[in-house]
Amino acid sequence: QVQLVESGGGLVQAGGSLRLSCAASGRTFGNYAMGWFRQAPGKEREFVSSISRSGATTYYADFVKGRFTISRDNAKNTVYLQMNSLKPEDTAVYYCAARDGRLVGASDYRNTNSYNVWGQGTQVTVSS
């Protein structure tokens, strides 16, 4: 089972950009579907984006489409979330998640319960 460590969070002004990274330990990173989720204070954890094991398929929450891009480098055991045009409502703790094995369909990729490995989270704060 992999372990996940997120980095790249911080404080940015509205309209700015950040790139989150999630580094995974272990040799089987390519066997894991990966996802990014976020949780704002007082709110439930919500889906942001996910990517298939090969990187060929990606999914996005409607509120980040056109602004965020997920990608992965299986040779580096890393998944990325490029976040552009950030808004104050994007402020949250962002979590990286992994699921060993195949996910089927968008609903699986978007479901928090589909993922069995989680990172510790990285804070993203967007000031207005």
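## Close-ups around strand 9

**View 1. Val-93 meets its bridge partner, Gln-123, in strand 11.** Strand 9 and strand 11 (residues 122-127) run antiparallel and are joined by three bridges. For the labels used here, strands (E, at least two residues) and helices (H or I, at least four) are DSSP runs, numbered from the N terminus. Two strands count as paired if DSSP finds at least two bridges between them. Please keep in mind that this is a predicted model, in which local features need pLDDT of at least 70 and side-chain atom pairs count only at pLDDT 80 or more, while totals for chains, interfaces and linings use all residues. Residues are numbered from 1 along each chain as its sequence is written, and side-chain values use heavy atoms, with hydrogens and water left out.

**View 2. Ala-98 of strand 9 stands opposite Met-34 and also opposite Val-117 in strand 10.** Met-34 belongs to a pairing of strand 4 (residues 32-39) with strand 9 (residues 92-100), antiparallel and built from eight bridges. With strand 10 (residues 117-118), strand 9 shares two bridges, again in the antiparallel sense. As a reminder when you look along these strands, side chains in a regular strand alternate between the two faces of the sheet.

**View 3. Cys-22 and Cys-96 form a disulfide.** The structure holds one such bond, and the criterion is a pair of cysteine sulfur atoms within 2.5 Å. Here the sulfur atoms of Cys-22 and Cys-96 lie 2.1 Å apart. The pair links distant parts of the chain, with Cys-22 in strand 3 (residues 18-24) and Cys-96 in strand 9, 74 residues apart. Which handedness does the disulfide of Cys-22 and Cys-96 have? The torsion about its S-S bond is about -80°, so the disulfide is left-handed. Cys-22 is buried, at a relative accessible area of 0%, and for Cys-96 the value is 0%, so Cys-96 is buried. Buried means under 20% relative accessible area, exposed over 50% and partly exposed in between (1.4 Å probe, protein chains only).

**View 4. Leu-103 sits in the loop between strand 9 and helix 1 (105-110).** Its relative accessible area is 6%, so Leu-103 is buried. What does Leu-103 touch, not counting residues up to four places away in sequence? Its contacts are Ala-33, Asp-108, Tyr-109, Ser-114 and Tyr-115, where contact means heavy atoms within 4.5 Å. Ala-33 is 70 residues from Leu-103 along the chain, yet their C-alpha atoms are separated by 7.2 Å.
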